[in-house]
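Q: Could you take a close look at the place where the two domains meet, and at the sheet that stands behind one side of it? I would like the cut-offs along with the values.

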Amino acid sequence: MITKVAVIGSGVMGHGIAQLYALAGYPVAMYDVEEKYLQKAWKAIADHLSLLVQEGIITEASKQQALNRITSTTDLAIAVQEADFITEAIPEVIEMKWELYEKLERLAKPNTIIASNTSTFPIARLAEKMATPHRMIITHFFNPAQLVPLVEIVRHEQTAGDVVEATIELMKAIGKSPVLLKKDVPGFIANRLQAALAREAFFLMEQGVAEAADIDLAVTAGPGFRWSFIGPIETADFGGLDTWKRVIDNLAPVLDKSERAPDVIERCVDKGDLGTKTGKGIYAYDEQSVVQKLRERDEFFIRLAAMKKRTEG
Ligand SMILES: NC(=O)c1ccc[n+]([C@@H]2O[C@H](COP(=O)([O-])OP(=O)(O)OC[C@H]3O[C@@H](n4cnc5c(N)ncnc54)[C@H](O)[C@@H]3O)[C@@H](O)[C@H]2O)c1
């Protein structure tokens, strides 16, 4: 029975995941290596909860209750001593993760589940140095974790059945849509699909087929509009598999098949144009517009999540 959770690493993903647990009623201990990171996380959580209040999703009282359920510490033993479930959201560096798991196995209760938010490591690699691999699982959230419903769940041969079941139940209890993979493949499901689309989008841009904004619009106003409710496989069923056979047979030969990141991305990275974090990527941003755009993005996602919840029940 999971009653208390801990989140290790309070950065981009960790703070959002801690917020989710707290809003769903779980006491959550948030850990980071320095107090300054925790302070940043507290501010991000408070700001985001305020946005949920502003959008009418939660009340001011539930915001306060959620904040009251969170504690933060730079002492790992204190963070995990009572936890039944630990979400690990530290940087994607395997040695750092191994070092942390070794400590967690010593400091946490023997049956506490350890769930990594890794984007790229196979679970067998994450667990290879563990003395208790049966309690290791991957719960892969999407950014912003507070808002995107999907959590991909990956187990390995040694992950105990009750660990998988409890993890799926917990993800549902915090309002997520868990998908359990039957095989551990690089990129899991969603990032593979996203990378396939992004490769073609940048290819079309490089070929001069359309401006970046029009390619983005072709997705958000086209397939992306459908995908929020109807996935690509069901879309093919709706369109007719005979038609989809012809479409794929005709288009597959002309789609981009490069095996590395698009040149345009590489050129931007070489120049230090990394996107919103440097003020320039494919598009240009001033400081004000970045703050505004991120807020707008969160408002749109909050409204979409609320609509999906209402529609899908
Ligand atoms: N950013 C994304 O879009 C995204 C999406 C899905 C999954 N992920 C995965 O989530 C994990 C975290 O990514 P992020 O983007 O939140 O990173 P981040 O750099 O924003 O946050 C990592 C946090 O961990 C802290 N940290 C560093 N070493 C630590 C240690 N030894 N113990 C505890 N905390 C430590 C850092 O101070 C930082 O606050 C990674 O595995 C990443 O691949 C990221």
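A: Happy to; here is the sheet, followed by the contact between the domains.

This is a predicted model, where local features need pLDDT of at least 70 and side-chain atom pairs count only at pLDDT 80 or more, while totals for chains, interfaces and linings use all residues. Residues are numbered from 1 along each chain as its sequence is written, and side-chain values use heavy atoms, with hydrogens and water left out.

The protein is divided into domain 1 (5-180) and domain 2 (190-312), with bounds that come from an automatic or database domain assignment.

Let's start with the sheet. Eight strands form an open sheet with mixed pairing, in the order E3-E2-E1-E4-E5-E6-E7-E8. Strands here are DSSP runs of E with at least two residues, helices are runs of H or I with at least four, and both are numbered from the N terminus; two strands pair if DSSP finds at least two bridges between them. At the edges lie strand E3 (70-73) and strand E8 (177-180), each pairing on one side only. From one strand to the next, the twist averages 25°. Axes are lines fitted to C-alpha atoms, for helices over the stretch in contact, and angles run from 0 to 180 degrees between N-to-C directions. Strands E1 (residues 5-8) and E2 (residues 28-31) run parallel and are joined by four bridges; Ala-6 has Ala-29 in E2 as its bridge partner.

Now to the meeting place itself. The centres of domain 1 and domain 2, taken over C-alpha atoms, are 28 Å apart. In domain 1, 12 residues are in contact with 11 residues of domain 2, contact meaning heavy atoms within 4.5 Å. Between them the domains bury about 1,100 Å², 66% of it on carbon and sulfur atoms; this is the accessible area (1.4 Å probe) that two parts lose on being put together, summed over both. On the domain 1 side, Leu-51, Glu-55 and Leu-147 lose the most area to domain 2, together 45% of what that side buries.

Glu-55 appears again in a salt bridge, its side chain meeting that of Arg-303 at 2.9 Å, N to O. The count of salt bridges between the domains is one, the criterion being a side-chain nitrogen of Lys or Arg within 4 Å of a carboxyl oxygen of Asp or Glu. Helix H2 (35-54) and E7 are the elements that give two or more residues to the side of domain 1 that touches domain 2. H2 supplies the largest share of that side, four residues.
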